[in-house]
Amino acid sequence: MPHLQAIGKKAIKTPDAFPFSVPAVRYLERLELQQPVTFFVGENGSGKSTLLEGIAAATNAITVGGDDVERDETLEHARLLASHLRLEWRRKTGRGFFLRAEDFFNFGRRLLRTQNELDEIIERYQAELELNPNDDGIKRAIGYIRGQKEALTRRYGANLDHNSHGESFMKLFEARLVPGGLYLLDEPEAALSPLRQLAFLSQVKAMVAQNCQFLIATHSPILMAFPEAEIFSFDQQPVAPIDYDDLEHVRLTRAFLSDPQAFLRRL
């Protein structure tokens, strides 16, 4: 059963101001989440990411790769929207995280910077230890910092930048998943090849079995095909459930793959 069961909206005094002017928000009534995996689907600008960010702010979700939701300047609109959302829970969970595609690409660099900073601290302490070889406090400090670096390496690898984007994303994703979490993901397919999208779905399936819930904004017909997932179309107002086979993304992709030259001749 989903942790978060429904998303509604409180009265708004300034409906013409962003983000309330976004049609998906303006006409939002009540979205009932009946499955552990829910997809937000629609064209660019349809409001799927805006609503997902608002939910992240309303749940005070931990962010991966970017600033905290409360401090991120790019999420000021999300915090405003969050104050007008009404969330209904079966059981509220503090586990999980919020991940945007653009934040993921910053995470590897931040991790490398942290590892380098730990190396520099170790070098300074080792220099002090050479001058004071019997100082047990310095020895303990070096051991503690080495332990911190080893923990990061075990969790994420020596350097995410040495992997492909897909490999790095999967390592990060797998390292941060815990049972019973709520995971809010904005276009995770941006870092993933079709094969790795299938691997991603396999990981989602494994975590659903451990009482996890996923809300995913996506353009990927591969991700949307997750068995028994609930799909909400943001291309109609108000936002409403839609069958996989009725999605424009799916119909267009099928038509293109059946006869790509027919489309390319029109370019």
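**Exercise 1. The surroundings of Phe40**

Leaving aside the neighbours within four places in sequence, find which residues are in contact with Phe40.

*Solution.* Begin at Phe40 and look for residues with heavy atoms within 4.5 Å, which is what contact means here. Once the neighbours within four places in sequence are set aside, the partners that remain are Lys48, Leu51, Leu52, Ile55, Leu215, Ile216, Ala217, Thr218, Phe232 and Phe234.

Before going on, note that the structure is a predicted model, in which local features need pLDDT of at least 70 and side-chain atom pairs count only at pLDDT 80 or more, while totals for chains, interfaces and linings use all residues. Residues are numbered from 1 along each chain as its sequence is written, and side-chain values use heavy atoms, with hydrogens and water left out.

**Exercise 2. The largest nonpolar core**

State which members of the largest nonpolar core touch the most other members, and which elements give two or more residues to this core.

*Solution.* First, fix the term: a nonpolar core is a set of buried Ala, Val, Leu, Ile, Met, Phe, Trp, Tyr and Cys residues joined through side-chain atoms within 4.5 Å. Buried means under 20% relative accessible area, exposed means over 50%, and partly exposed lies in between (1.4 Å probe, protein chains only).

Next, look at the members: the largest core holds 32 residues, and those that touch the most other members are Ile7, Phe40, Ile55, Leu184 and Leu215. Two or more residues come from each of strand 1 (4–9), helix 1 (23–26), helix 2 (48–58), helix 3 (76–82), strand 4 (85–89), strand 6 (182–186) and strand 7 (213–218). These elements are DSSP runs numbered from the N terminus, helices being H or I with at least four residues and strands E with at least two. Helix 2 makes the largest contribution to this core, with five residues.

Finally, a second core, separate from this one, has 29 residues, including Phe173, Leu192, Leu247 and Val250.

**Exercise 3. Helix 2 and the loop after it**

Decide how many of the residues of helix 2 are buried, and whether Thr63, in the loop between helix 2 and helix 3, is buried or exposed.

*Solution.* Take the helix first: ten of its eleven residues are buried, so helix 2 is largely enclosed by the rest of the structure. The buried residues are Lys48, Ser49, Thr50, Leu51, Leu52, Glu53, Gly54, Ile55, Ala56 and Ala57, a list in which charged and polar names stand beside nonpolar ones.

Just after the helix, Asn60 takes a positive phi of about 55°. In the loop between helix 2 and helix 3 comes Thr63, which is buried because its relative accessible area is 7%. When residues up to four places away in sequence are not counted, Thr63 touches Asp68, Val69 and Phe98.

**Exercise 4. Salt bridges**

Find how many salt bridges there are, and work out which elements are joined by the pairs Glu88 with Arg30 and Arg100 with Glu53.

*Solution.* Apply the rule that a salt bridge is a side-chain nitrogen of Lys or Arg within 4 Å of a carboxyl oxygen of Asp or Glu; the count then comes to six.

One of them joins the side chains of Arg26 and Asp16 at 3.0 Å, N to O. Arg26 belongs to helix 1 and Asp16 to the loop between strand 1 and helix 1, ten residues apart. Arg26 is partly exposed, because its relative accessible area is 31%, whereas Asp16, at 60%, is exposed.

Another joins the side chains of Glu88 and Arg30 at 2.6 Å, N to O. Since Glu88 lies in strand 4 and Arg30 in strand 2 (residues 30–32), the pair ties together parts that are 58 residues apart in sequence. Both ends are partly exposed, Glu88 with 30% relative accessibility and Arg30 with 40%.

The side chains of Arg100 and Glu53 also meet in a salt bridge, at 3.8 Å, N to O. Arg100 is in strand 5 (residues 96–100) and Glu53 in helix 2, so this pair ties together parts that are 47 residues apart in sequence. Here both partners are buried. Elsewhere, salt bridges with shared partners join Arg30, Glu32 and Glu88 into one network.

**Exercise 5. A closer look at Arg100**

State which residues Arg100 touches, not counting residues up to four places away in sequence.

*Solution.* Arg100 is buried, since its relative accessible area is 4%. With residues up to four places away left out, Arg100 touches Glu53, Asp72, Thr74, Leu75 and Asp186; of these, Glu53 is the salt-bridge partner from the previous exercise.
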